[in-house]
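Here are a few notes to help you find your way around this model. Take them in order, with the structure open beside you.

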Amino acid sequence: MTTEPPWSADAHDRALAELAARENFPVAARLLPARHRADLRAVYGFARLVDDIGDEAPRGQRARLLDSVDADLDRVYAGRTPRLPQLRRLAGTVQARSIPAEPFRRLVRANRQDQVVHRYGTFKELLDYCTLSANPVGRIVLHVFGVADPELIEPSDRICTALQIIEHCQDAGEDFRVGRVYLPAEDLRRFGCAEDDLARPVTPTRLRGVLALQAGRAAELLDQGSGPLLVGLRGWARVAVAGYVAGGRAALAALARDRYDVLARTPRPRRAALLAGWARALGGG
């Protein structure tokens, strides 16, 4: 029997269905009009395609497959029919929402970087990586809602960077098992950690200090971005972004609740905390 690759269209459809049952994404998304849900699914499908190629495809094929994504982006922006089903779905959203190509190109570049860069020496280097791997998603979402105003870009970037750092904390053990460390080397040294600490069944105290430091930085970025961005949004855009902010804050609360032990199990937000945080974000709190 042939095993279906994770970047196939059918696999993506199943992944989207599974996502609907998870905590962070659907709190706001379920309330959005169908047109917005369809556009966000198309954007997520693209991001998931690129990530799955970068993480799951045979190593010798990843560069070629990422080249095929770039070639299909060329077709989308030239008004031609893409070859990949995920890009055919995306094409309608790109046209309807006038989304520029650059954010999509950056997501591809992030996955190309993942193939050759497996460690980050400083927090600044990690922030630079987030300009490729995280911030483009927020910019695309602003276009989906027709609110990509220049003054909203920076706060959106801060929120997206925060969410990426939180994910790096949650998935530190999983990332290490596939050969990547997104915790800055300078911080690991500062707390006396060795990389082997990431392979332990329970997170050592010293490594919890590194994770708490990253979580604190993420919380600060989230606060810096959420106020200006939510003040500048109205309607469904505000509903959606408030959901993302609430998801980030609930994930931070879960990390703290589990005392940053991300190796024994992945800390996940509680639904009550997520809903309460969403309500606070909508209210400007």
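Which helix gives the most to the lining of the second largest cavity? Helix H9, residues 150-170, does, with three residues. Please keep in mind throughout that this is a predicted model.

1. Let us begin with the overall make-up. The chain holds 14 helices and zero strands. Reading from the N terminus, you will therefore meet one α element after another, as the order α-α-α-α-α-α-α-α-α-α-α-α-α-α shows.

2. Next comes the balance of inside and outside. The chain has 285 residues, and 49% of them count as buried. About 13400 Å² is exposed, with carbon and sulfur atoms supplying 52% of that area.

3. Contacts along the chain are worth a look too. Taking those between residues at least 6 apart in sequence, 69% join residues that are at least 24 apart.

4. Helix H5 is a good place to pause. This helix covers residues 85-97, and at 1.5 Å a residue its 13 residues should span 18 Å. The C-alpha atoms at its ends lie 19 Å apart, which agrees with that expectation. If you would like to see which residues of H5 are buried, look for Gln86, Leu87, Leu90, Thr93 and Val94. Just after H5 comes serine 98, and the phi of this serine is positive, near 55°.

5. Now for the empty space inside. Rolling a probe the size of a water molecule over the atoms shows where such space is left. Searching the whole structure turns up two cavities of 30 Å³ or more.

6. The largest cavity holds about 40 Å³ of space. Its lining is made up of His168, Ala172, Asp175, Arg180, Val181, Tyr182, Leu183 and Leu198. Sorted by class, that lining has five nonpolar residues, one polar and two charged.

7. The second largest cavity, the one from the opening question, has a volume of about 30 Å³. Around this cavity you will find Leu126, Ile165, His168, Cys169, Tyr182, Leu183, Pro184 and Gln214. Its lining divides into six nonpolar and two polar residues, with no charged ones.

8. One last thing to try on screen: pick out His168, Tyr182 and Leu183. These residues are among those that line the largest cavity, and they also appear in the lining of the second largest cavity.

Technical notes. Residues are numbered from 1 along each chain as its sequence is written. This is a predicted model: local features need pLDDT of at least 70, side-chain atom pairs count only at pLDDT 80 or more; totals for chains, interfaces and linings use all residues. Side-chain values use heavy atoms; hydrogens and water are left out. Helices (H or I, at least four residues) and strands (E, at least two) are DSSP runs, numbered from the N terminus. Buried means under 20% relative accessible area, exposed over 50%, partly exposed in between (1.4 Å probe, protein chains only). Contact means heavy atoms within 4.5 Å. Accessible areas come from the Shrake-Rupley method with a 1.4 Å probe; for residues, only the protein chains shown count as cover. The expected span of a helix is 1.5 Å times one less than its number of residues. On a 1 Å grid over the protein atoms alone, a cavity is a set of points where a 1.4 Å probe fits but cannot get out, and a pocket is an open set with protein on both sides within 12 Å along at least five of seven lines; lining residues have an atom within 4 Å of a point. Grid points are joined across faces, edges and corners, and a volume is the space filled by probe spheres set on the points. Ala, Val, Leu, Ile, Met, Phe, Trp, Tyr, Cys and Pro count as nonpolar, Asp, Glu, Lys and Arg as charged, and the others, Gly among them, as polar.
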